[in-house]
Amino acid sequence: MANILTYQKVTDTLADIARRHYQINTFFIGEVNDLNAEDLVYPVLQMYPKSTIFPQTEGEYKTINLGLTLRVLDKVTQNGNNEVDVHSDTFQICQDVINELNQHPFYGFSNATLLGDVELAPLNEFVDDYTAGWEFDLNLQLINNNSFCGL
């Protein structure tokens, strides 16, 4: 069972999901302008941190809400005749990632919970004229198991 309590464990978990997924060739942590790297092999699962909130409950900070932006991207041919296939394939990858985090028994007891709805937005001609896919935000609730005694 994975115990997901830190940002590093979240990135390790997503990297593991990407490694085991039969369609994802590259897991990439970085911003949009970093997508021009020559060593990316598509389809790509890209992740970048969006925000972190420590919600206060009864005067304590027992949880951490970590927001991530994820993109699943693939190459479109120059004439664009495979764009529907690219959107279909990358949509399925998004669905697989969300379902794995939400339903897989390995992550069911991980102390990480998906929060709220997950809305996917289509990306067309993203970064360059030949990349398409989907973008979505994941909001994960983690247990804040740190205290002043551990510092």
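This report walks through the confidence, the salt bridges and the aromatic pair of a predicted model.

## How far to trust the model

Let's start with confidence. Across the protein the mean pLDDT is 86, and 89% of the residues score at least 70. If you go element by element, strand 5 (residues 120–123) comes out with the highest mean, 95. At the other end sits helix 3 (residues 105–108), whose mean of 64 is the lowest among the elements. Where pLDDT is low, predicted coordinates shouldn't be read in detail.

## Charges around helix 1

The whole structure holds five salt bridges. One of them joins Asp16 to Arg19, with 2.3 Å between the closest N and O atoms. Both residues belong to helix 1 (residues 7–20), and because they are three residues apart, about one helical turn separates them. Arg19 is out in the open: its relative accessible area is 60%, so it counts as exposed, the cut-off being over 50%.

Next along, Arg20 pairs with Glu100 at 2.7 Å, N to O. This bridge links distant parts of the chain, as Arg20 is in helix 1 and Glu100 in helix 2, 80 residues apart. The two ends sit in different surroundings: Glu100 is buried at 16% relative accessible area, while Arg20 is partly exposed at 40%. Put these pieces together and you get a network of salt bridges that links Asp16, Arg19, Arg20 and Glu100.

## A bridge between two strands

Another salt bridge brings together the side chains of Arg71 and Glu135, 2.6 Å from N to O. Arg71 lies in strand 3 (residues 63–75) and Glu135 in strand 6, so this pair ties together parts that are 64 residues apart in sequence.

As for exposure, Arg71 is buried, with a relative accessibility of 10%. Its partner Glu135 has 24%, so it counts as partly exposed; buried would need a value under 20%.

## The aromatic pair

The count of aromatic pairs is one. The partners are Phe91 and Trp134, with ring centres 5.4 Å apart and an angle of 65° between the planes. That angle makes the pair edge-to-face, because the cut-off for this class is over 60 degrees.

Phe91 comes from helix 2 (residues 83–103) and Trp134 from strand 6 (residues 131–143), so the contact ties together parts that are 43 residues apart in sequence. Trp134 is buried, at 15% relative accessibility, whereas Phe91 is partly exposed, at 37%. Strand 6 has now turned up twice: it carries Trp134 of the aromatic pair and Glu135 of the bridge to Arg71.

Definitions and conventions:
Residues are numbered from 1 along each chain as its sequence is written. Side-chain values use heavy atoms; hydrogens and water are left out. Rings of Phe, Tyr and Trp (its six-membered ring) pair if their centres lie within 6.5 Å; planes under 30 degrees apart count as stacked, over 60 as edge-to-face and the rest as tilted. Helices (H or I, at least four residues) and strands (E, at least two) are DSSP runs, numbered from the N terminus. Buried means under 20% relative accessible area, exposed over 50%, partly exposed in between (1.4 Å probe, protein chains only). pLDDT is the predictor's confidence in each residue, from 0 to 100. A salt bridge is a side-chain nitrogen of Lys or Arg within 4 Å of a carboxyl oxygen of Asp or Glu.
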